[in-house]
Number of protein chains: 2
Amino acid sequence: MKLTINDLAKMTGLAKSTISGVLNNKDGFSEKTRQKVLEAAEQYGYVPNEIARGLSTKYTKTIGLVIKDITNPFYSKLTKGVQEVAGEYGYTVFLCSSFEDHRTEKEQIQAMLSRRVDGLIVAPLLEEVTFDHLFDLKAKSVPFVLLGSVPGLDSSYVEFDDYDGGRQVTEHLLERGHRSIGFAAGLPTSRASRERLRACRDVLSAHGLALRAEFTFEGAQELADGVEVGRKLIAMKERPSALICFDDVVALGVVKAFQSEGLRIPEDLSLIGFDDIDLMIFPLTTVSIPTYEAGKALARTLFGQIFGGPDTPAQRIVFDEKLVVRQSVLTVTN
Amino acid sequence: MKLTINDLAKMTGLAKSTISGVLNNKDGFSEKTRQKVLEAAEQYGYVPNEIARGLSTKYTKTIGLVIKDITNPFYSKLTKGVQEVAGEYGYTVFLCSSFEDHRTEKEQIQAMLSRRVDGLIVAPLLEEVTFDHLFDLKAKSVPFVLLGSVPGLDSSYVEFDDYDGGRQVTEHLLERGHRSIGFAAGLPTSRASRERLRACRDVLSAHGLALRAEFTFEGAQELADGVEVGRKLIAMKERPSALICFDDVVALGVVKAFQSEGLRIPEDLSLIGFDDIDLMIFPLTTVSIPTYEAGKALARTLFGQIFGGPDTPAQRIVFDEKLVVRQSVLTVTN
DNA sequence: AAAATAATTTGAACCGGTTCAATTTTCCTG
DNA sequence: CAGGAAAATTGAACCGGTTCAAATTATTTT
């Protein structure tokens, strides 16, 4: 059915090694045969079988990207960055989603390995359990880059300075006079969320303040979760004057809940998010995260590993997070 | 480095065909050898090389998904649906983005073919040029399913009744008394946009009305484009009373433009979008599109083709679009 | 024009699996 | 316990490429 290199060899009367050589631009072939091969390949529309090639060269021109959920703007933008760079290198990317499940993450990585990807980009779930599967990658010396470092694992990674982002927003709120601050954290599997929360706590306690338990929410991930948090806040007798949301999506949910009750942001609640997503139309004060650039950096770092061989030193790239002040934070005068 | 089936054969003292047979659950092996193989595989952590397997079986357990831009919520949700079903079948998906470029689309499909995917899902760009590459797929009898039919190509597809969606929104506006209607269309490569626009024109002309050229915009794709359209409208002396946007993202852009000028939706402009995206917090009247379900349907149809062999009849699935009335359309009394 | 050298081309082995006809082993039966 | 059938195992070919030492052909050199 499909034309193979053997067919081409038969048709041109040349050896398959000759065909292979010419097609891979190796030199040592006469101009005459070179033309003959090229013409025949062109004429019959020969497309080399990358699978077969991969088997002998050990390079599949394929990388795996394991993320949590493509539906989240954060990841879709990151993915776009990865794709962009992969394309430049003639690589194709396998998209795998862990759907926030630790076992799925492991399985996906396993599947990628069995498909012999040349490298992996993983946005690992943070969990108490184990990072064995990641240490394994290192042990097997499979090129890989992580989104976010993993304690004790000496690997390449790209991450954001989430702690500093958390610090910035908290200080911003303090500067604007807020003393009662709430926090809508993400899932416990999110490193970013944890860091931001930790920073928030640190800054508050440095000012003799604390995050009150009833103003601290957990597991906020999607818009609906944000709406839920918003509802809970609305139902409270006493409410924090400001809420830091783990990301813009959650913040958007809070905005939605408040708006649907006729309450207003920032008059009734000051709000801060993270990510600075494109689809934001609400003037939300947030923290911009160079997601797209991070995706590109992840891919570039990975290709560095792939082409640099197993002794390529691990690279660590940290992107800054930057507060973007808009109109969702009120200045309160005590 | 990596353990192969040959290694395993040597270690157990069995033939590689035995190892292969046991591991693939073929019968005709004694319980004793079966155990021996299984234990050895387990103990040494043997993972079959899918590349090698793919070469001989012709099945790579891999499908290709070619979309325009993963960053668009429409596609990310569709992708999620595809992934979900692919996962159920033990398949992994190659994500390819055409980035709205016809040539890139062709190249991506080519790349997928050279990687011998078992099937393809393509959201093709609509262009004057050619659909040769799609007809080629048919000719080569590569299993594939399209998002949206292509004229003259008898293939499986999943599509939305975009014409009807366009009809619904236009009639809704007419019912609410609007007579001066504008349309922010998407890129000319979007079939959905074209259909919606066509329906709008048809309905209007059936009512003796027409879409005025100065109220018809083209190439609106991202939020920024919507903002642009909004600005243009604001700058006009005379403005339509309602605007239909090709999708929610564009509508969101218009909202943003209006809000930033202190104008209000729907008081200053009635607005309708398409997609009913999750991240919407503005009470936008829109048309809900079962994107996630479509993604699943695409995948299921594809697997039907893959496992059903080349004579599987082409399937056509059309999803309805459904108007969701919220608060972005004013009732005007003339 | 023969010998030496350089330029091309080729054939066989290999990558890591699957497949299946042929062979070997085991089990029954008379 | 020989002989035949059934069960289990194996070996070789194949999938479609790449690689490289060896063979062939062309070009110089003397």
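The following paragraphs describe the contact between two protein chains, their contacts with two DNA strands, and selected features within the chains.

The structure is a predicted model, in which local features need pLDDT of at least 70 and side-chain atom pairs count only at pLDDT 80 or more, whereas totals for chains, interfaces and linings use all residues. Residues are numbered from 1 along each chain as its sequence is written, chains are lettered from A and ligands numbered from 1 in the order in which they are written, and side-chain values use heavy atoms, with hydrogens and water left out.

Chain A and chain B each bring 51 residues to their contact, where contact means heavy atoms within 4.5 Å. The size of an interface is often given as the accessible area lost when the parts come together. Here the buried area (accessible area, 1.4 Å probe, that two parts lose on being put together, summed over both) is about 4400 Å², and carbon and sulfur atoms give 63% of that value. Ile51(A), Leu279(A) and Ile281(A) supply 17% of the area that chain A buries against chain B, more than any other three residues.

Two salt bridges are counted between chain A and chain B, a salt bridge being a side-chain nitrogen of Lys or Arg within 4 Å of a carboxyl oxygen of Asp or Glu. Lys80(A) forms a salt bridge with Asp69(B), with 3.4 Å between the closest N and O atoms. In addition, 14 residue pairs, both members at pLDDT 80 or more, are in polar contact between chain A and chain B. A polar contact is a pair of N or O atoms within 3.5 Å; within protein, one must be able to donate a hydrogen and the other to accept it, and residues adjacent in sequence count only if both atoms are side-chain atoms.

Helices (H or I, at least four residues) and strands (E, at least two) are DSSP runs, numbered from the N terminus. On the side of chain A that touches chain B, at least two residues each come from helix 4 (50-57), helix 5 (73-88), strand 2 (92-97), helix 6 (102-114) and helix 11 (248-260) of chain A. Helix 5 of chain A gives the most to this side, with seven residues. The residues of the side of chain A that touches chain B comprise 24 nonpolar, 15 polar and twelve charged; Ala, Val, Leu, Ile, Met, Phe, Trp, Tyr, Cys and Pro count as nonpolar, Asp, Glu, Lys and Arg as charged, and the others, Gly among them, as polar. Strand 2 of chain A also pairs with strand 2 (residues 92-97) of chain B, in the antiparallel sense over three bridges, pairing being assigned if DSSP finds at least two bridges between two strands. Val93(A) has Leu95(B) as its bridge partner in strand 2 of chain B.

Around DNA strand C there are 26 residues, of which Ser17(A), Thr33(A), Lys58(A), Ile5(B) and Ser20(B) come nearest; a residue is near a molecule or strand if one of its heavy atoms lies within 4 Å of it. Of the atoms of DNA strand C that come within 4 Å of the protein, 62% belong to sugar and phosphate. Phosphate oxygens of DNA strand C lie 3.3 Å from a side-chain N or O atom of Lys26(B) and 3.2 Å from a polar side-chain atom of Arg53(B). For Ser56(B), a polar side-chain atom is 3.0 Å from a sugar or linking oxygen of DNA strand C. Helix 4 of chain B provides the largest share of the surface near DNA strand C, five residues. This surface divides into nine nonpolar, 13 polar and four charged residues.

For DNA strand D, Ile5(A), Ser20(A), Ser17(B), Thr33(B) and Lys58(B) come nearest among the 26 residues around it. Sugar and phosphate make up 62% of the atoms of DNA strand D within 4 Å of the protein. A side-chain N or O atom of Tyr46(A) is 2.9 Å from a sugar or linking oxygen of DNA strand D, and one of Arg53(A) is 3.2 Å from a phosphate oxygen of DNA strand D. From chain B, a polar side-chain atom of Thr18(B) lies 2.8 Å from a phosphate oxygen of DNA strand D. The largest share of the surface near DNA strand D, five residues, is given by helix 4 of chain A.

Within chain B, four strands form an open sheet with parallel pairing in the order 7-6-8-9. Strand 7 (216-217) and strand 9 (270-272) of chain B stand at the edges with a single partner strand each, so one side of each lacks a neighbour in the sheet. Strand 8 (residues 242-245) and strand 9 of chain B run parallel and are joined by three bridges, with Ile272(B) in strand 9 as the bridge partner of Ile244(B).

Over all chains, the structure holds 33 salt bridges. Arg198(A) forms one with Glu195(A), the closest N and O atoms being 3.1 Å apart. Both residues lie in helix 9 (residues 191-206) of chain A, three residues apart, about one turn of the helix.
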